[in-house]
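Hi everyone, thanks for coming. Today I'd like to walk you through one protein chain, starting with the whole and ending with a small piece of it.

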Amino acid sequence: MRLRNLLFAPGDSVRKRDKALASAADAVVLDLEDSVGPDSKDAAREQVAALLPGRARREVVVRVNARATPWYLRDLAAVMPGAPLAVMLPKCTGMADILALDHHLEALETAAGLEVGQTGILALVTETAASLHGLDYRGAPPRLTALCFGAEDLSSDLGVAARDAAGRYAAPVQQARAALLLAAGAAGLPALDTPFPDPRQPEALVREAAEAARDGFAGKLCIHPDQIMPVVRAFTPDAARLGWARRVEAAFAARPDAGVISLEGQMVEGLHLRLARRILDAAQ
């Protein structure tokens with residue numbers, strides 16, 4: 001599963017759904033949560049469940065409603081027979097939510113005749129202030145695929161604007177962003193950056209995506225098809241960085257027992273090889 005860009009589409013909008021599924025996004029997130037009003041939850045669930053089975057394109061994720069809502073189990077039971085690539089869990093408060101979802105998915109995969117464990121989990125883990133106290137996902141079930149940063153919901157929970165006029169995050173949002181990156185690194189998981197909320201500001205999106213790639217995010221969530229290619233470019237290593245990674249990998253391949261190697265006048269070691277491999281993976 002590629003994670004550079006995941007494009008959201010409301011589960012109850014045929015036009016937006018079709019446009020997203022026809023796009024070049026790495027994966028499409030069919031949404032049953034925030035973009036669907038309470039009175040439309042049942043209809044959205046039925047439409048997404050009917051759309052999933054037998055799809056030629058497998059890169060479809062379903063964002064279900066939060067575990068604490070009355071829609072959560074209904075969403076899972078409806079969509080799992082269609083074998084989505086992953087389930088996105090919003091308002092995740094910690095490992096207990098992941099373990100519960102893992103058990104629910106295991107039961108539903110078995111009931112649907114699917115391979116147990118084939119459905120991934122993408123967890124939005126910073127959408128409430130309380131969730132920041134549960135950011136330890138070390139030892140999570142293998143199906144946990146990535147941790148996702150949600151700035152807008154968090155800012156709403158805190159009663160502040162996520163960004164100022166210059167695009168800078170409010171202090172608690174910035175702290176949550178850094179905490180998520182550290183939590184993802186500790187758990188050995190990729191981190192996905194929050195969507196940029198205004199498709200009419202492409203320059204601001206380019207800046208924010210570049211900062212996310214610089215800081216260690218593996219990709220960025222998107223809310224409009226026009227955001228896909230700027231995000232792809234931000235998370236695709238440039239020629240100079242890719243060339244450096246290839247030279248590091250080649251140097252260690254030639255001397256597999258070496259702990260430290262002199263390359264172009266600089267000392268490189270195992271940590272540089274790990275970074276080089278991440279760069280090469282991002283370029284695939």
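I'll begin with the overall picture and then move to one hairpin.

Please keep in mind that this is a predicted model. In terms of secondary structure, the chain has 10 helices and 10 strands. Its radius of gyration is 20 Å, and the globule rule gives 19 Å for 284 residues, so the chain is as compact as a globular protein of that length. If you lay the C-alpha trace along its principal axes, it spans about 65 × 50 × 40 Å.

What about inside and outside? Of the 284 residues, 50% are buried. The chain exposes about 13,300 Å², and 54% of that comes from carbon and sulfur atoms. Now take the contacts between residues at least 6 apart in sequence: 68% of them join residues at least 24 apart. As for charge, there are 32 positive and 35 negative ones, and their mean positions lie 4 Å apart.

Now let's zoom in on strand 9, residues 260–263. Which of its side chains are buried? Ile 261 and Leu 263 are, and they point to one face. Val 260 and Ser 262 point to the other face and are not buried. In general, side chains in a regular strand alternate between the two faces of the sheet.

Strand 9 has a partner, strand 10, at residues 266–269. The two run antiparallel and are joined by four bridges. In one pairing, Ser 262 has Met 267 as its bridge partner. Two residues sit between the strands of this hairpin, and Glu 264 takes a positive phi near 55°.

That's my tour, thank you!

Key. Residues numbered from 1 in each chain as written. Predicted model: local features only at pLDDT ≥ 70, side-chain atom pairs only at ≥ 80, totals over all residues. Heavy atoms only, no water. Rg over C-alpha atoms; globule rule 2.2 N^0.38 Å. Buried < 20%, exposed > 50% of the residue type's maximum accessible area, 1.4 Å probe, protein only. Contact = heavy atoms within 4.5 Å. Areas by Shrake-Rupley, 256 points an atom, 1.4 Å probe, with all protein chains shown as cover. Lys, Arg positive; Asp, Glu negative; His and termini not counted. Charge placed at Lys NZ, Arg CZ, Asp CG, Glu CD. Pairing = 2+ DSSP bridges.
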